[in-house]
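Visitor: I would like to learn how to read a structure that is new to me, one feature at a time. Could you show me where to begin?

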Amino acid sequence: MSRTALRICPLCEATCGLTLTIEGTRVTSARGDRDDVFSNGFICPKGASFGAVDGDPDRLRTPLVRRDGELREATWTEAFDAVAAGIRPIVERHGPHAVGIVLGNPNVHTMAGALYPTVLLAGLGTRSLFTASTVDQMPKHVSSGLLFGDANAIPVPDLDHTDHLLLIGANPLESNGSLCTAPDFPGKLKALKARGGTLTVIDPRRTRTAKLADRHLAIRPGTDALLLAAMAQVLFEEGLVDLGELSPHVQGIDELRDAVREFTPESVADACDVDAALVRTLARELAAAPTAAVYARIGSCTVPHGTLASWLVDVLNILTGNLDRPGGALFPQAATDRTPRPAGPGRGFALGRWHSRVSRHPEAKGELPLSALAEEIDTATEEGTPVRALITVAANPVLSAPDGDRLDKALDSLDFMVSVDPYLNETSRGADVVLPPPPPSQSPHHDFAFNTLAVRNQVRYSRPAVPLEPGRMAETEILARLTLAVTGMHGADPSAVDDLVVGQTLGKAVQEPHSPVHGRDPEELAAQLAGESGPERRLDLMLRLGPYGDGFGAHPEGLGLERLLAHPHGIDLGPLRSRLPQPLKTRSGKIELLPQPIADDLPRLRRAAAERPTGLVLVGRRHLRSNNSWMHNVPALTGGTNRCTVQVHPEDAERLGLRDGEPVRVKGAGGEVTAPAEVTDGVRRGVVSIPHGWGHDRPGTRLSHASTDPGVNVNQLLDGSLLDPLSGNAVLNGVPVELSPLG
């Protein structure tokens, strides 16, 4: 007999509510939950394929341990014994920094990935942390940290109320949104136009989003920061700056005016390949709109001036008075955010508190560049010990980091490696221990990270739709036991990890004067926590101490886990609202418009205005039925237009002798790949586009469908040497490549 269950989709950042149909323990179909307070029934092809993703027969069901050179099935006890025996001697011999940790993108899509890696890092004490953020979004974190004092204070466009939206390097009709959690992003853009608003898209490709726009500018890749700086210059030059209610919260306006003075539209027009008059029009329209928001994503982050571009996005929102006001760009308030503290100066944000061992890359937000992982393993220096052991959690850096061939060889040289992954993929195939989490239907779900980026404040929680299968272990327990195994507490009850976090959190809360539990007994408060498991108790704790919480009785109408469970479709917490100055944590307590690291990097941008790249340059692309390298093993999500091809403009194809559908050799600084040509005027002249996340042709994986149409790893064209210096983010777009017919 079939039944239905509710589940929040974990397959992209839109976090849509699903209604699953379940036969026994198998998910047979998924449709949008019409009563979901956030997504209102919207669903995309990924969500509709939830059952196929969940039931993929290639998912690992038991741990694997390497014996005599081969990965073989093992018990959970044997697996964690092997982890402790492999990691602890390395820590004791070489210190904690000899153990690297790689966190992949899927971590932010699970409760376990939100709750446990911070405990693992703190317990291990390593500074060798690498995540997917440095091939994606780190420039936005750094710019937010420098502007607002908090790297996670990222304003999002008020999509439902804005009159004018400027999108840069973003394709939300394919990605469903990124650093902007918005179910039915396409519908929101269409609604913007229907109410008379304006949509402008800046992108070197004529994407599905660009086709919807009122104006599309096919800018030269990598020059977004120049264009944005010129728009800021126009606002100053023409007296269009109007901070409005932001004025008391902003410092550095005069210094900013001087800093952008040289970036006239005429000075950047040739580099951007955008007419100077059009640059002025963009600035004037932004200033004239009743409300407006500038929003940029991966295309503006994965370039040589990614942090400057991210900074200038918020600068334009500030100069036009559109930051922190309805219809502009606002700071969301998630239900699990920390108890709001009184407004006032904070600790600020610092870069470069330590550096990578080989190339001396500065840390950003506690992370080192993923591009540097290979050299941190395979290169000896007089300073420090190379990374000798690696823990990867939901990560596939062989495909996601530059120069996967070098990294693959480096991983093979490690003394020990453990992967938490449901698949034997291009990275986990080299591990000594693989710990597979259960499929998403058997896991609880709450979006800790994405609710801090949501375009409407709300809170939702899904308990597992299907009971945990015998022989499986919950991902939360896997990460708790992993933490114990590598920190010298192997064999302890995994609940000790949750108890530790609860005790520490309440111990601090009762000492903070602004906390609703100030002065109370932590043990008495811990005894009040609801939930069937440690992770649920921690969620209840965060909800009750959060901005909408009941404060353990201080606010009887507030949130807690029990109230949330009584609302299975979620609780709407209202539209985004103005919050300044409360989110600011800078030392001045104000928005610091021209932080010193930004000012120091501007001369590099000025020099870029004089550059005129010749030849072809590379950009990536996304597809609605894909999410990085995750989903190529699901037949329903591949094929059709979701193919790994080399998109090239017809004029470039004719000049180079390329024919549609025939193989083309693409060569870059890190190597070369061969893939079919796709001749299309959807890319501008001089631009080549290859999608990210393909390259499933390495031996030793268990990805039976993906290996039948492996595609090529676009990151193999990169040698890892090109980084945005402030954030350490890999430069993936705007890099030179050469094309030639295979023959």
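Guide: What follows is a walk from the whole chain down to single residues, in a model that is predicted.

Visitor: Which elements make up the protein chain, and how many of each are there?

Guide: A first look usually goes to helices and strands, and here the protein chain has 25 helices and 26 strands. The radius of gyration is 25 Å, close to the 27 Å that the globule rule gives for 743 residues, so the chain is as compact as a globular protein of that length. Along the principal axes, the C-alpha atoms fill a box of roughly 65 × 65 × 60 Å.

Visitor: What share of the residues is buried, and what supplies the area that the chain exposes?

Guide: Of the 743 residues, 62% count as buried, while the chain exposes about 27,200 Å², with carbon and sulfur atoms supplying 49% of that area. Contacts can be read in a similar way: among those between residues at least 6 apart in sequence, 73% join residues at least 24 apart.

Visitor: In what order do the strands S1, S2 and S3 lie in their sheet?

Guide: For a sheet, one reads the order of the strands and then their directions; these three form an open sheet in the order S1-S2-S3, with antiparallel pairing. Strand S1 (2-8) and strand S3 (26-32) are the edge strands, each pairing on one side only. Neighbouring strands of this sheet are turned by 30° against each other on average, direction ignored. Strand S2, residues 17-23, is joined to S3 by six bridges, and Thr-19 has Arg-31 in S3 as its bridge partner.

Visitor: How many residues of helix H6 are buried, and what covers them?

Guide: To read a helix in its surroundings, one asks how much of it is covered and by what. Helix H6 (residues 138-148) is mostly covered, with 11 of its 11 residues buried, including Lys-140, His-141 and Phe-148. The cover includes helix H14 (298-301), helix H15 (306-319), strand S20 (591-592) and helix H24 (596-608). After H6 comes Gly-149, which has a positive phi, near 85°.

Visitor: Why does Gly-507 count as buried?

Guide: Here a cut-off is needed: a residue is called buried when its relative accessible area is under 20%. Gly-507 has 18% relative accessibility, and therefore counts as buried. Gly-507 lies in helix H20 (residues 495-509), and its C-alpha atom is separated by 44 Å from that of Ser-49, 458 residues apart along the chain.

Note on methods: Residues are numbered from 1 along each chain as its sequence is written. This is a predicted model: local features need pLDDT of at least 70, side-chain atom pairs count only at pLDDT 80 or more; totals for chains, interfaces and linings use all residues. Side-chain values use heavy atoms; hydrogens and water are left out. Two strands pair if DSSP finds at least two bridges between them. Helices (H or I, at least four residues) and strands (E, at least two) are DSSP runs, numbered from the N terminus. Axes are lines fitted to C-alpha atoms, for helices over the stretch in contact, and angles run from 0 to 180 degrees between N-to-C directions. The radius of gyration is taken over C-alpha atoms; the globule rule is 2.2 Å times the number of residues to the power 0.38. Buried means under 20% relative accessible area, exposed over 50%, partly exposed in between (1.4 Å probe, protein chains only). Contact means heavy atoms within 4.5 Å. Accessible areas come from the Shrake-Rupley method with a 1.4 Å probe; for residues, only the protein chains shown count as cover.
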